[in-house]
Amino acid sequence: MTSEEPIILQLGPEDNAFARGGNRLCFVDPRNSDNCIKVARTDRTPAIKKSEKKFPASLKPLKFFDDNEEEFRVYQRIDQQIGKEAYALIPRCYGFVETDWERGLCSEIIKDDDGKISLTLKQYLWQFGYTEELKVKVDSFKQQWQSLGMPSRNLLLHNIVVQQKEEKIQRLVVIDGLGWPDIIPLGYYSNLMAKRKAARKASRLDATINRLLDIKRNQGDWGYHGWMDDDKRTID
Ligand SMILES: Nc1ncnc2c1ncn2[C@@H]1O[C@H](COP(=O)(O)OP(=O)(O)O)[C@@H](O)[C@H]1O
Ligand SMILES: [Mg+2]
């Protein structure tokens, strides 16, 4: 291979992915197991997602339906407007890489100190309940989220992970759902607006948690997203 040829990372079959979200597959980066590469599911391409939208959302250019493109654009905004403090709350993002799937986005995997990939907040709540320890961490997360004015859609329990260290919760990290969803995203142009909007998103988290706890209490269904079996959490 000559040096001009682009490197195409071999991620392999879907089974190799450690997680499957509503839109993307997440693989451990074969070059560095501290990072992951996210690629669009073949049944959730930007063209398919665009075709499902009604007017006027259907008018948006194709790139707006590409989660990786969107996420990368949001990271650039976060770097400009918020800076390094944001990385207490989100993974580092390292940019695009060509893969045998399609162009993937490379970012830091959030892991516990035993080396396992951290559980989603949804799975943590389901397994351990809303403990006093977790409540304290959720409160400080909400405080930080609003004081930095972090841009996001509604905060979903399968898009937040609980990082643990020495069997204690170290922090909550938002791994998906970044960016203001509004047609005119005023939060990008006014810090005050961003803080207000982030406060609103953060304040809804308790209701979201309570809804999940109710489902569990009533022996309801876990749903589709956010469960990771132990073997998938282990990176070898
Ligand atoms: N950086 C990360 N660190 C740890 N786990 C992650 C990370 N990114 C994704 N995951 C896991 O993979 C799942 C799917 O990833 P996500 O980015 O939410 O995909 P989608 O965009 O399809 O919703 C998450 O629910 C989470 O369990
Ligand atoms: Mg997700």
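## Pairing of strands

Two strands are taken to pair if DSSP finds at least two bridges between them. In this predicted model, β4 and strand β5 (residues 103-108) meet that criterion, pairing in the antiparallel sense over five bridges. Within this arrangement, G95 has C106 of β5 as its bridge partner.

## The five-stranded sheet

Five strands form an open sheet with antiparallel pairing, in the order β1-β2-β3-β5-β4. The edges are occupied by β1 (19-20) and β4 (93-98); each has a single partner strand, so one side of each is left without a neighbour in the sheet.

## The β6, β7 and β8 strands

Strand β7 pairs with two strands named here. With strand β6 (residues 119-120), β7 forms an antiparallel pairing over two bridges, in which L119 has V162 of β7 as its bridge partner. With β8, the antiparallel pairing of β7 extends over six bridges, and K168 in β8 is the bridge partner of K165. β7 and β8 make up a hairpin with two residues between them, and E166 in the turn has a positive phi of about 50°.

Five of the six residues of β7 are buried, leaving the strand mostly covered. Q164 belongs to strand β7. Because buried means under 20% relative accessible area, Q164 qualifies with its value of 17%. Although Q164 and D114 are 50 residues apart in sequence, their C-alpha atoms are 8.7 Å apart in space.

## Surroundings of ligand 1

Ligand 1 is surrounded by 18 residues, of which N23, R24, K38, H158 and D176 come nearest. By class, the residues of this shell divide into eight nonpolar, six polar and four charged.

Contacts with oxygen atoms of ligand 1 involve both backbone and side-chain atoms of the protein. A backbone N or O atom of N23 is 2.8 Å from an oxygen atom of the ligand, and for H158 a backbone N or O atom is likewise placed 2.8 Å from a ligand oxygen. N159 contributes through its side chain, where an N or O atom is 3.2 Å from an oxygen atom of ligand 1. On its own, ligand 1 has 550 Å² of accessible area, and the protein covers 96% of it.

N23 also has a contact within the protein: its side chain and that of R44 are joined by a polar contact of 3.1 Å. R44 is located in the loop between β3 (35-40) and α1 (46-51). With a relative accessible area of 19%, R44 is buried, since the limit for that class is under 20%.

## The magnesium site

Which protein atoms are donors to the magnesium ion? They are OD1 of N159 and OD of D176, lying 2.2 Å from the ion, which is ligand 2. The pair links distant parts of the chain, 17 residues apart: N159 is in the loop between α4 (132-148) and β7 (160-165), whereas D176 is in the loop between β8 (168-174) and α5 (191-203).

The two donor residues fall into separate accessibility classes. N159 is buried, at 9% relative accessibility, while D176 is partly exposed, at 22%. N159 and D176 also feature in the surroundings of ligand 1: the side chain of N159 has an N or O atom 3.2 Å from a ligand oxygen, and D176 is among the residues that come nearest to ligand 1.

Technical notes
Residues are numbered from 1 along each chain as its sequence is written. Chains are lettered from A and ligands numbered from 1 in the order in which they are written. This is a predicted model: local features need pLDDT of at least 70, side-chain atom pairs count only at pLDDT 80 or more; totals for chains, interfaces and linings use all residues. Side-chain values use heavy atoms; hydrogens and water are left out. A residue is near a molecule or strand if one of its heavy atoms lies within 4 Å of it. A polar contact is a pair of N or O atoms within 3.5 Å; within protein, one must be able to donate a hydrogen and the other to accept it, and residues adjacent in sequence count only if both atoms are side-chain atoms. Accessible areas come from the Shrake-Rupley method with a 1.4 Å probe; for residues, only the protein chains shown count as cover. Ala, Val, Leu, Ile, Met, Phe, Trp, Tyr, Cys and Pro count as nonpolar, Asp, Glu, Lys and Arg as charged, and the others, Gly among them, as polar. Donors are N, O and S atoms within 2.8 Å of the metal (3.2 Å for Na, K and Ca); water is not among the atoms, so sites may look incomplete. Helices (H or I, at least four residues) and strands (E, at least two) are DSSP runs, numbered from the N terminus. Buried means under 20% relative accessible area, exposed over 50%, partly exposed in between (1.4 Å probe, protein chains only).
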